[in-house]
Amino acid sequence: MVNNSPSGAGATPAPPSAPPAVRVRGLTVVRGGSTILEGLDLDVPSGRVVGLLGPSGSGKTTLMRSIVGVQANVTGDLQVLGAPAGSPSLRRRVGYVTQSASVYADLSVTENLQYFAALAGLRGAAARGAVAAAVDAVDLGGHERQQVVTLSGGERSRVSLAGALVADPELLVLDEPTVGLDPVLRRDLWTMFHRLADEGRTLLVSSHVMDEAARCDRLLLLRAGTLVADTTPDALLAETGAPDAERAFLTLIDRAHTDAGAR
């Protein structure tokens, strides 16, 4: 794990005994008559980079929307930072980055971040400081006055992430932030994610690219709305005997099918 966070930046790293940032029990989501998530039980440990992996359509985005409190038709118990998901008290404590960059293309980087700072209730020197810290956190120094429309796809993703960081959240929920990016940009983003975790934040990062599993501290593997595994990268490979995460995931799926057929 990278450990190059600036002194004093961000939250205090969570102690090993810290309660989970997210606690899910019996989570079920029904949409359009179909069950998208069914009876999920899982924890997201504090101060870690947790990968939420699975194929497209497995329910990753629905789970993330449930955690940030914007998903309808949710039943079960879902606690986020000690409060029910979607509670007003969580608005500045949780940052959410959607699959598509949630920024205004006709505004500059700074103008976008000033807007997000205003939404977070920051004014004056506090807002300016938060914007500068967010720009620094995502390595966009020198682009502050540039219109977002002129930025590359990877840079736009960084602006969107900076928008979520302006309020200095304790939990970051990132929905496939590396999709479509080249290997260098993906590597740089994962380095940034670990730097943010070293500062004490919790990151829940979804992906359908299984080789990104090795970059996580812990893994939650979803398929068809059910939790296939809650483990670490090393434990996943040890349990399955597979050489990589993709084949390990397939091994778990095959085992599940075999067990279901034996019942």
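What pLDDT does the chain average, and what share of the residues score at least 70?

The model is predicted. The chain averages a pLDDT of 88, and 91% of the residues score at least 70. Residues 1-11 have a pLDDT below 50. Beyond near neighbours in sequence, that stretch has 19 contacts in the model.

**Exercise 1. Describe the annotated domain.**

Step 1. An unreviewed UniProt entry lists residues 22-249 as "domain: ABC transporter".

Step 2. Over residues 22-249, the chain is 33% helix and 27% strand. The end C-alpha atoms of this range are 23 Å apart.

**Exercise 2. Work out the strand order of the open four-stranded sheet and find its edges.**

Step 1. The order is 2-1-4-5, and the pairing is antiparallel.

Step 2. Strand 2 (34-44) and strand 5 (83-84) each have a single partner strand, so they stand at the edges, with one side of each left without a neighbour in the sheet.

Step 3. Inside the order, strand 1 (residues 22-31) and strand 4 (residues 74-80) run antiparallel and are joined by six bridges. Arg23 stands opposite Gln79 in strand 4.

Step 4. The loop between strand 4 and strand 5 holds Leu81. Leu81 is not a glycine, yet has a positive phi of about 50 degrees. For comparison, most residues other than glycine have a negative phi. With a relative accessible area of 17%, Leu81 is buried, since the cut-off for that class is under 20%.

**Exercise 3. Trace the pairing of strand 9 on both of its sides.**

Step 1. Strand 3 (residues 49-53) and strand 9 (residues 218-223) run parallel and are joined by four bridges. Leu52 has Leu220 in strand 9 as its bridge partner.

Step 2. Strand 9 also pairs with strand 10 (residues 226-231), here in the antiparallel sense and over five bridges. The bridge partner of Leu220 in strand 10 is Asp230.

Step 3. Taken together, Leu220 is bridged to Leu52 and to Asp230.

Step 4. The hairpin of strand 9 and strand 10 has two residues between the strands. Ala224 lies in this loop and has a positive phi near 50 degrees. Ala224 counts as exposed, at 57% relative accessibility.

**Exercise 4. Locate the nonpolar cores and place Phe193 in its surroundings.**

Step 1. The largest nonpolar core has 51 residues. Those with the most contacts inside this core are Leu113, Leu161, Phe193, Leu203 and Leu221.

Step 2. Another core, of 26 residues, lies apart from the largest one; Leu27, Val29, Leu78 and Ala83 are among its members.

Step 3. Leaving out residues up to four places away in sequence, Phe193 touches Val49, Leu161, Leu174, Pro177, Thr178, Leu203 and Val205. Phe193 counts as buried, at 1% relative accessibility.

**Exercise 5. Find the aromatic pairs and compare their settings.**

Step 1. Searching the whole structure gives three aromatic pairs.

Step 2. Tyr104 and Tyr115 form an edge-to-face pair, 5.6 Å centre to centre and with 85 degrees between the planes. Tyr104 belongs to the loop between strand 6 (94-97) and helix 2 (109-119), while Tyr115 belongs to helix 2, so the pair ties together parts that are eleven residues apart in sequence. Tyr104 is partly exposed, at 41% relative accessible area, and Tyr115 is partly exposed at 36%.

Step 3. Trp190 and Phe193 form an edge-to-face pair, 5.3 Å centre to centre and with 75 degrees between the planes. Both residues lie in helix 5 (residues 183-198), three residues apart, about one turn of the helix. Trp190 is buried, with a relative accessible area of 2%.

Step 4. Ring pairs also link Tyr104, Tyr115 and Phe116 into a cluster.

**Exercise 6. Is Thr202 buried or exposed, and which residues does Thr202 touch?**

Step 1. Thr202 lies in strand 8 (residues 202-207).

Step 2. The relative accessible area of Thr202 is 3%, so this residue is buried.

Step 3. Not counting residues up to four places away in sequence, Thr202 touches Ala21, Val44, Pro45, Ser46, Gly47, Arg48, Glu170, Leu171 and Leu172.

Note on methods:
Residues numbered from 1 in each chain as written. Predicted model: local features only at pLDDT ≥ 70, side-chain atom pairs only at ≥ 80, totals over all residues. Heavy atoms only, no water. UniProt positions renumbered as here; feature names shortened; annotations may be inferred. Core = buried A, V, L, I, M, F, W, Y, C linked by side-chain atoms within 4.5 Å. Buried < 20%, exposed > 50% of the residue type's maximum accessible area, 1.4 Å probe, protein only. Contact = heavy atoms within 4.5 Å. Pairing = 2+ DSSP bridges. Phe/Tyr/Trp six-rings, centres within 6.5 Å; stacked < 30°, edge-to-face > 60°. pLDDT = per-residue confidence, 0-100.
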